[in-house]
Amino acid sequence: MSEKTDIGRELDGALQKPKRQLAMVFDLNKCLGCHTCSISCKRQWTRDEGMDNMWWAVVNTQPGKGTPKNWEDMGGGWDEKGEPRPSKIPTRDEFGDAWKFNKEEVFHGGKGKVTYLKPVNTKGESPDWGPNWDEDEGGGEYPNSHFFYLPRICNHCTHPACLEACPRGAIYKRDQDGIVLINDKQCKGFRFCMEACPYKRIYYNHVQDVTQKCIFCFPRVEKGVAPSCARQCPGRLRFVGYLDDEDGPIHKLVHQWKVALPLHEEYGTQPNVYYVPPMSPPAVDSLGKVDPSKPRIPTAYLESLFGPRVKEVLAVLEAEKEKKAKGEASELMDTLIVYKWPEDIFPDFVQDPAEL
Amino acid sequence: MLVKRIDVNGDVLGDPAASVWSTANGETVPLMPTPAAMQPTKYISTKWQNEVYGQTKSVSVKALRNADEIAFRLEWQDPTKNEQRIENTDFPDAVAMQFPLSEDASLFMGGEGTPVNLWYWRADHPARARSDVAHGIGTSRVMDDVSISAQAVHANGRWSVVMRRALSVTKEAASAIQIVPGQTVRTTFAVWEGGNLERAGIKAFSPAWLELEIEA
Ligand code: HEM
Ligand code: SF4
Ligand code: SF4
């Protein structure tokens, strides 16, 4: 991986704001929960030794416990006064580990009819959790059961708790694009970053004794190729670009239309991944009667994730959708729809990697 | 403390159970927790200021040399043997010695222009110790070329570890302590209780130099 730069934190140094910041916007109204993003990331980056349990890009069903399990209750990040909030190191089991199966026995051992595939975790135990154990369970009671998908990666934060926790200054934020990277030559596997990151997006490689996480596909980005999770996404909901590019979709969604919100902004790390919150059909009573005044996904729940502006954002989305339905123009809807791929979704990163 | 010369084979010196160790001079070095306020990041000091750590009370130190090697035998109480590093919360037990590479190197892992050499043994790699150089808290760096062999036993709730190295080293010579017969060297110690998630600056350390007189 790339060499340490002189940007970012010295041991007691101040954090430097990067010249430019790359960001992503995920439109949750379009996510299919297909996990193509996670798989493309896995194929590209996490196939080496010690990486088998790593999913730098995950997609969680919400409401749900997430990856790692109950990460939202673990602490980390900064409190209202800007002091670090103590946290814990999430375990392999909480992340869901990587299971091994008795494939030999079932497929080649002649026992295909008397036994079946049985997963075991690294400890040799039968697992009771996995990276997507509660997939599609969601929340609410019939007939108001509901769920949506929440893709998550490292947020390449502007006030990165991981970077500021490391006693060795092994984590740095690149000046040219704000990507947060762990220098694996400098890292000694102390795992304070795993504790401090409130989004729990850092994994420990026990073979190499270093921690590893999403790198925003920086080698692709440097060649004008979009990160693989974004390029491979069939839902075409992962916008990529510079926050300050006023013509790009990121700036439009975050700053102009203000419909893209950070996840758990209260954690204080100033994440650079933003979410267009999911709209939902109206609630239904036990007799099947529709109540248009209440959304199926409780607004309070969405506010617990995306903050107090959720209602306002949903109203804007609803109004613009109406316009579009009536055949009127809506720049916002056109931006979210992504008529032309890839130029409408990551205009600065349209290069086809197969043609490099 | 006098480091006696005994002309036995290096492999004998390297064995923590060898009877030759009963002839060596020894010292019980008291340890204390590293202050939370000295941790280099706010996260670490905030997290650990209310936790109990660095509770290893002392380390028993013995040392011997033969014609071309020096060996240190370190023994300390640790009822839990932590040698695995698989689960994210696994931290192996560890011990270290610190040698100043310049006259006025700080006890706290040296400083800029005043480096220290660290000999670091950790239970997940029991047969070798690492030689690190540090010039201040947060700067330790592994010197791959310097070889320190080790042998360890955990019995009766105690670790006994021998670290052994050539008296003088030629590769990376500036980053490793040179042991010269007839002269003295100073050292300090640190112990990490892996079961308590101790690593990096979270440890017990000896806050005074121990003077070693190397028998000619
Ligand atoms: C108040 C005293 C001390 C403090 C606050 C302190 C702090 C730290 C910190 C923050 C680190 C992690 C960053 C790095 O790798 O440089 C570290 C590593 C280390 N320290 Fe100290 N230290 C102290 C005393 C000592 C002493 C007395 C020794 C040895 C006798 C020692 C041996 C080491 C070693 C070997 C490492 C590297 C560990 C590894 O690679 O996992 N330290 N120390
Ligand atoms: S999401 Fe976590 S790992 Fe990523 S930059 Fe923010 S604090 Fe660091
Ligand atoms: S690839 Fe796209 S649609 Fe599929 S889960 Fe990931 S973000 Fe959702």
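In this predicted model, A:N70 is partly exposed, with 31% of relative accessible area. A:N70 sits in the loop that connects strand 2 and helix 2 (92-95) of chain A. Its backbone is worth a look, since phi of A:N70 is near 60°, a positive value in a residue other than glycine. The same kind of loop position can be given for A:P63, which is found between strand 2 and helix 2 of chain A. The peptide bond that joins A:Q62 and A:P63 is cis, with omega at about -10°.

A second cis peptide bond runs from A:W341 to A:P342, where omega is near 5°. A:P342 belongs to the segment after helix 11 (331-337) of chain A. A positive phi outside glycine is found again at A:C217, with a value of about 45°. A:C217 lies in the loop between strand 9 and helix 6 (218-221) of chain A, and at 7% relative accessibility A:C217 counts as buried.

Strand 9 (residues 210-213) of chain A holds A:T211. A:T211 has a relative accessibility of 2% and therefore counts as buried. Leaving aside neighbours within four places in sequence, the contacts of A:T211 are A:I182, A:C187, A:R191, A:C193, A:M194, A:I202, A:Y203 and A:Y204.

Next comes the sheet of chain A. Four strands form an open sheet in the order 10-1-12-11, and the pairing is mixed. Strand 10 (238-242) and strand 11 of chain A are at the edges with a single partner strand each, so one side of each has no neighbour in the sheet. Strand 11 and strand 12 of chain A pair in the antiparallel sense over two bridges, and A:P262 stands opposite A:Y274 in strand 12 of chain A. Helix 8 (residues 249-256) of chain A lies across strand 1 (22-27), strand 10 and strand 12 of chain A, and runs at about 95° to strand 10 of chain A.

Strand 10 of chain A also takes part in covering helix 1. In helix 1 (residues 36-45) of chain A, the buried residues are A:C37, A:S38, A:S40, A:C41 and A:K42. Strand 2, helix 7 (228-232) and strand 10 of chain A are included in what covers them.

Which residues are buried in helix 9 of chain A? In this helix (residues 299-306), A:T299, A:Y301, A:L302, A:L305 and A:F306 are buried. They lie on the same side of helix 9 of chain A because they cover an arc of only 155° around the axis. These buried residues pack against strand 2 (58-62), strand 5 (148-152), strand 11 (261-262), strand 12 (273-276), strand 14 (290-295) and helix 10 (310-325) of chain A. After helix 9 of chain A comes A:G307, whose phi is positive, near 90°.

Two other residues of chain A are partly exposed. A:K103 lies in helix 3 (residues 103-108) of chain A and is partly exposed at 47% relative accessibility. A:K103 and A:L117 are 14 residues apart in sequence, with 6.7 Å between their C-alpha atoms. Not counting residues up to four places away in sequence, A:K103 touches A:H108 and A:L117. A:S145 is in the loop between strand 4 (119-120) and strand 5 of chain A, and its relative accessible area of 38% makes it partly exposed. The C-alpha atoms of A:S145 and A:I297 are separated by 8.3 Å, although the two residues are 152 residues apart along the chain. Apart from neighbours within four places in sequence, A:S145 is in contact with A:G139, A:G140 and A:R296.

In chain B, strand 1 (residues 2-5) pairs with strand 14 (residues 210-214) in the parallel sense over two bridges, and B:L2 stands opposite B:E213 in strand 14 of chain B. Strand 1 of chain B also runs parallel to strand 4 (residues 58-65) of chain B, to which two bridges join it. There, B:R65 is the bridge partner of B:R5.

The last site is that of the iron atom of ligand 1. Its protein donors are B:M109 (SD) and B:K203 (NZ), which lie 1.7 to 2.1 Å from the iron atom. This pair links distant parts of the chain, 94 residues apart: B:M109 is in the loop between strand 6 (94-100) and strand 7 (116-122) of chain B, and B:K203 in the loop between strand 12 (184-192) and strand 13 (204-205) of chain B. The site is octahedral, with angles of 81 to 178° among its six donor atoms. For six octahedral donors, the ideal angles are 90 or 180 degrees. B:M109 is buried at 18% relative accessibility, and B:K203 is buried at 10%.

Note on methods:
Residues numbered from 1 in each chain as written. Chains lettered and ligands numbered in written order. Predicted model: local features only at pLDDT ≥ 70, side-chain atom pairs only at ≥ 80, totals over all residues. Heavy atoms only, no water. Buried < 20%, exposed > 50% of the residue type's maximum accessible area, 1.4 Å probe, protein only. Contact = heavy atoms within 4.5 Å. Arc of directions from axis to C-beta. Donors = N, O, S within 2.8 Å, 3.2 Å for Na, K, Ca; no water. Tetrahedral: all angles 85-135°; square planar, octahedral: opposite > 155°, others 65-115°. Pairing = 2+ DSSP bridges. Axes fitted to C-alpha atoms, helices over the stretch in contact; angles between N-to-C directions.
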